[in-house]
Amino acid sequence: INLSTKITLRNLNYNYSEIHLVIKGNQASQYLVKSEFNFTPSEVYINGVLDTSCNKICNLREDRNNVTLRFNDSIDSCYEMFDALHNIIEVDLSDFDATKVTSMYRMFRSCSGIEKITFGNMDTSSVENMRTLFYGCRSLTSINLSNFNTSKVNSMRNMFQGCSNLKHLDLSNFDTSSLTDVNHMFQE
């Protein structure tokens, strides 16, 4: 077997997960990626192009940038994943592998520009902490969490605090049997 065939076979079995973002930017804007996260994306694509220069800061030149964060390793915590990144407009987690994630603490805290979050069928069965998950997401008007498995979650403290424009919230399948802290869950 030659080297090129080995590479092809390896890629057929290669698993990764992705987060798709729409981020507002202009020539002066910069989107912090690797220095802000508790983990490092393996690859960052900006408007469909692999950005190898995106070491600590990614420059966004368009008004609306499509950014894909690709992860080759499993992530066990989403703690402060997008904390205070005000220029994020949309997040799509449909292709994100969250099977090992135990904490979503402050995942979207103070993301005041987020208008839409798509979770798809994201597996949240290992998550224990959803504290301050959407805190301060004042541009969100609707959140569908009907596919969330919350059976292990013990804290939803401040989960929706400051979501002042939220009009529709689907919690129809929430299992609250492990919850011990819901203080200020819907404050403001």
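Which side chain makes a polar contact with the side chain of Arg-70 at 2.6 Å? Keep that in mind while you orient yourself. The model is predicted.

**Whole chain.** Start with everything shown as a cartoon. The chain has 188 residues. Colour by secondary structure: one helix and 10 strands appear. Trace from the N terminus. The helix comes up before the strands, in the order α-β-β-β-β-β-β-β-β-β-β.

**Surface.** Switch on the accessible surface. The total for the chain is about 9800 Å². Carbon and sulfur atoms account for 42% of that area. Now colour by burial. Buried residues are 43% of the chain.

**Contacts along the sequence.** Draw a contact map if your viewer has one. Take the contacts between residues at least 6 apart in sequence: 79% of them join residues at least 24 apart.

**Strand β6.** Select residues 64-71. This is strand β6, and Arg-70 lies in it. Zoom in on Arg-70. Is Arg-70 buried or exposed? Its relative accessible area is 17%, and the cut-off for buried is under 20%, so Arg-70 counts as buried.

**Around Arg-70.** Show the residues that Arg-70 touches, leaving out those up to four places away in sequence. One group to select is Tyr-16, Ser-17 and Glu-18. Another is Pro-41, Ser-42, Glu-43 and Tyr-45.

**Polar contacts.** Stay on the Arg-70 side chain and turn on distances. Pick Glu-18: here is the reply to the opening question, a side-chain to side-chain polar contact at 2.6 Å. Then pick Tyr-16. Its side chain also makes a polar contact with the side chain of Arg-70, at 3.4 Å. Both Tyr-16 and Glu-18 are among the residues that Arg-70 touches.

Definitions and conventions:
Residues numbered from 1 in each chain as written. Predicted model: local features only at pLDDT ≥ 70, side-chain atom pairs only at ≥ 80, totals over all residues. Heavy atoms only, no water. Helix = DSSP H or I, 4+ residues; strand = E, 2+ residues; numbered from the N terminus. Buried < 20%, exposed > 50% of the residue type's maximum accessible area, 1.4 Å probe, protein only. Polar contact = N/O pair within 3.5 Å; in protein donor to acceptor, adjacent residues only side chain to side chain. Contact = heavy atoms within 4.5 Å. Areas by Shrake-Rupley, 256 points an atom, 1.4 Å probe, with all protein chains shown as cover.
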